[in-house]
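This report covers nonpolar packing and one strand with its pairing partners.

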Amino acid sequence: MGVTRREFLFISGTVGAGLALSTLGVDMQPVLAYAEGLNKIDQVKSARQTYSLCYHCAVTCGLVCSTDAKTGKVINIEGDPDNPINEGSLCAKGAASLQMSARNEHRLTRVLYRKPGGDKWEVKTWDWALTQIARKIKAVRDKEFIVKNARGQVVNRVEALAHMGSSKLDNEECWMITTAMRALGLVYLDHQARVCHGPSVASLAESLGRGSMTNHVIDIGNSDCVIVMGANSAEAHPITFRWAMRAKEKGAKIIHVDPRFTRTSAVADHHAFLRAGTDVAFVGGMIKYILENNKYFEEYIRNYTNASFIVDEKFSFKDGLFSGYDPTARKYDKSSWVFKLDANGVPEKDPTFQNPRCVLQMMKAHYARYDFEKVSSITGTPVEDLKTIYEVYSSTGARDKAGVILYALGWTQHTVGVQNIRSFTIVQLLLGNIGVSGGGVAALRGQPNVQGSTDQAILAHILPGYLKTPMASLTTLDEYLAKNTPKTREPQSANWYQNTPKYMVSLLKTWFGDKATQENGFAYSYLPKVDDGQVTTLLDQIDKMYEGKIKGFTCVGQNPACSNPNTNKTRKAFAKLDWMVHINIFDNETASFWKGPGMDPKKIKTEVFLLPAAAQMEKAGSMSNTGRWLQWKYVAEKPPGDALSMGDILYRLVLKLKDLYKKEKGTFAAPILDLQWNYADARGMYDSTAVAKAMNGYFLEDVTVGDKSFKKGQCVPGFSYLQADGKTSCGIWIHCGSFTQDGTNLIARRKKDDPTGLGLYPEWAWAWPMNRRILYNRASVDANGQPWDPKRAILKWEGGKWVGDVPDGPWPPLADKEKGKLPFIMKPDGVASLFGPGLAEGPFPEHYEPLESPLAKSLISGQLASPVIRIFKSDCDKIAACDPRFHFVCSTYSCTEHWCTGADTRWQPWLTEAMPQAYVEVSKEFGELRGIKNGDKVKVESVRGKVECVAMVTTRLRPLKVGGQTLHQVGITYNYGWLFPKDCGDSANLLTPTAGDPNTGTPEYRAFMVNVTKV
Amino acid sequence: MAKGKSILVDTSRCTACRGCQVACKQWKGLPGIKTKQTGTYQNPPDLSAQTLKLVRFSEGLKENGKPYWYFFSEQCRHCIEPPCVDTIGGYAPEGASKDKETGAVLFGPKSKEAPFEEVRTSCPYNIPRQDEKTKVLVKCNLCIDRITNNRLPSCVLSCPTGAMVFGERDAILDQAKKRVEFLKQAYPKAQALNLDEVRVIYIVTDDPKKYHEYAVA
């Protein structure tokens, strides 16, 4: 045989690991170096290595970019093996990161302009474009500025300008956007978070005090049971399954409840089908199971939740409606949704849970209706699957067990989004799974920095750090602070938000510097105010635009022409604008809307500026992942062509505006002229570190707090040092402490020590707040500070101090009646809310049908859809509930290989190769019913629009028995759009309705009615 | 027993995220090709000169009526006694070889002198493909450049769930056997495929034919 001879011939040079191939003998070279890449190892070994972060889902995996020393170009991007979150691993999207870089020929490299009625892009210069844009912003602002509202209250706002985006930017860039837009007076300010995890913030804040994921990605690996519901984590957040599978190796069970059997279900121990939009019923049944079978963690709920609180006599619930409903206003008067107070103003409690008006008993009564048969008839889930899943999951109520819920947009994107999340948060509280390692509510964020962009508040309803947007009725800072600073009579409640004045004043000092003084209320009057009750979130923004009332629109790193629901309405709304500025790394259906399907460019007067932006590896800055970890990344290469980072673009644009207002004056120029805007380096380029430090905050004078003294100009090393008298600045209080007093950037840390052995990695990067890795961790211990489960001790009171994670507040454990504090420090009562009266639909989650339901009558009450959801009235906003033309339930979703509308991923050949075209998944039974075979081209149609795509006929969907009838549901990806690739199909959001969650305005993308026919 | 390196592909851990499929192209500089949606997640449809690593998808119903969806992250098995090397060698002695240290099976430019169909059919796993332009035969090279430089193969590095592990063959064999024993408790059909004959060892929990026609030799 010749094998040995050839082996000798070809291979003898490759002895030993670490030997570069270039050292092979000449004869061997042609064979081994044949495949492209064999010289690559030498190139990569000599290249500059730069740490970066993945740009897709919010697991935000670490990357290593290799930059060729000669060309300065990135030649290789792979997972960062040192990053403890992904440990070198990447999904398809992360692995394709090189195709996001400058080497992708589709990247935008020039400033482009489309004139009114024009049918092509023209190349322009930055100076020309930014001057034009600044002039246009100023013209609209000066003309349309609203100083006073109809009631005569000073509002200082502009409604004719709107902004969207972006969670694809770094924290520092997001903060600059929020800052600049407030200075301009915008109130129509929103971004992806609104169509994404808006309901998480509202729901979790009401239940627990903060609106974010409680634990972090690695901690999923510490769980005994991982339930995935309203999510498809293995596909949408692939690296979370690194940790879910790690848990499984240690014996954990994985459960997946979903309308489809997906890549997540494929590795789960249990999968159950359910009808899209019926999650509250499914979870309501679990709450009943836990309560009636005493599966709850009694000591936990007694001490750490409001289970024992006595509900006011006036509160009631009847046939799907809570007390106080006003059918005309479609709103509740919530005055009866309160606790009975004792003489001191403290809620009355019954720790024995005997009182029928205590929250636990009220809950038992509320969920008594959710029996197996009822839940099965609503959800379509077989009773045996319900029993198995309820039993397996509720076993985590044991003191030494922990279960985690992984959810994402499958829960948030519903008219009942907030209540979907609320329902399982109640389960987690009942089982004692909040605050503990391996437990928690994993709100898996979708975009790479959507946690950060939410924290920075590119949102209509909040300011950075979740401070409330000022309302018109709050005419002075004092009134604002009085209204928004909660008070409590509960003796052991920390009521952390009592510090609101320090955070608000420090924010105003950051924005307006010396012009923010005690005398002028720290320039509170500069902030735009919305009328009380006025909603200016994304759906309203588009509605207003569709009415022609918005003239100018800036949009960054977002593709609403595909991502907005009922997107025909959005596309038509764009045609009513005078001008649009779009900033992105690739062209998309938003920037090019004027040449889209059904559009006649000649008739569209909207001017469009398309500005080329830098991608993630071309700029330095921080991103906050879904687990609140802020990580720093560095510049691996220059942006291609004329492209600039968003930080640079906005820095220059605001300078132009300042210059214009200075030279030419204008309406209410003060907030623009007085805005602190010193965020450039010596070369005049955007300096992300300078912004990050401003966000962290400075001492503006020498300050002594307790026994610590600080000098003017030092960084504030933690928010407990912030002041309400103007002596500190801080751009976002929850970031305070990300820099040390001497200015060291803790976000950039890369130390891998893990003292608890539970994967907290306290010196890797930095987590808000105060580097705490698990929120509410004081609930992981008993009243004496001893961990419920010693095997998973993230925190322990030992020798008079806390050991482990950064405790959620410094005080001793609860048993210390004088100094001890309750664990849910952001809630005025100090405990978590099983009864949550702060939300629009009611204090207990209740099943309501989607707005477009297959049913004519509810199977559980007299109330079909939620009585308070947000609906819109334009001619585009059609609804077809229980309509024989559209009688299949449809849900939209994403796949691993694309990110959101595909605005970035469709330009990447490695990804479009794997998932080339739009498809609709239908069951075999459905295929037979409609004569559709696998691979057939079909039309999916709702009352609002239609798309053509490929049918995937599969055993992974099946018809369900709902209300005694057979019901079919189908599912379609929203990853596509008409622009590129040309044959990939248009957006599934042409089908979805404009209907919103009443608390947040987050749209319903996940349950609506369609027809499917063969083309 | 053959020394050298091995990869364990434990399909019971795979979520088909396709990080491996893309990471392979990224490292090797292979292009994405134009494909069509034909009613499956699997794309491109087959291995080719541009695709040396492919996640195959297959679905159906189990005996209990519940769905299954199996993922088979396919690549060259790097046989201990590679028949392709013999076949190519018969026509072009310098066309293919086996690396002495690692055991990686490698094709070189002279492989174009061997008849493609004969080489392809000589492989029990249907792995070799031909570059249409150059006629050179191609397949996975076990990232020989990386593994001789203290780096994991691209596909293994990218794998999030531990479905792919790379190491010394002895250790991998040991790991494979232990894993099969563990899996057998829940899946009586669990097995490691062609364990003694290949370096890239697949673990399946069901009939291998349900994963891929050429999963097992």
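The text below takes the cores before the strand.

This is a predicted model, in which local features need pLDDT of at least 70, side-chain atom pairs count only at pLDDT 80 or more, and totals for chains, interfaces and linings use all residues. Residues are numbered from 1 along each chain as its sequence is written, chains are lettered from A in the order in which they are written, and side-chain values use heavy atoms, without hydrogens or water.

The largest nonpolar core (buried Ala, Val, Leu, Ile, Met, Phe, Trp, Tyr and Cys residues joined through side-chain atoms within 4.5 Å) has 240 residues, among which A:Leu430 and A:Trp733 touch the most other members. Helix 24 of chain A (residues 646–664) gives this core its largest share, nine residues. Beyond neighbours within four places in sequence, A:Trp733 has contacts (heavy atoms within 4.5 Å) that include A:Trp496, A:Phe719 and A:Met826. A separate second core of 75 residues includes A:Leu855 and B:Cys14.

Strand 24 of chain A (residues 629–633) is largely enclosed by the rest of the structure, because five of its five residues are buried. Buried means under 20% relative accessible area (1.4 Å probe, protein chains only). Helices (H or I, at least four residues) and strands (E, at least two) are DSSP runs, numbered from the N terminus. A:Trp629, A:Gln631 and A:Lys633 point one way from strand 24 of chain A, and A:Leu630 and A:Trp632 the other way.

Strands pair if DSSP finds at least two bridges between them.

| Partner of strand 24 of chain A | Sense | Bridges |
|---|---|---|
| Strand 23 of chain A (residues 621–624) | antiparallel | four bridges |
| Strand 27 of chain A (residues 766–767) | antiparallel | two bridges |

A:Met623 has A:Gln631 as its bridge partner, and A:Leu630 stands opposite A:Trp766.

Technical notes:
Buried means under 20% relative accessible area, exposed over 50%, partly exposed in between (1.4 Å probe, protein chains only).
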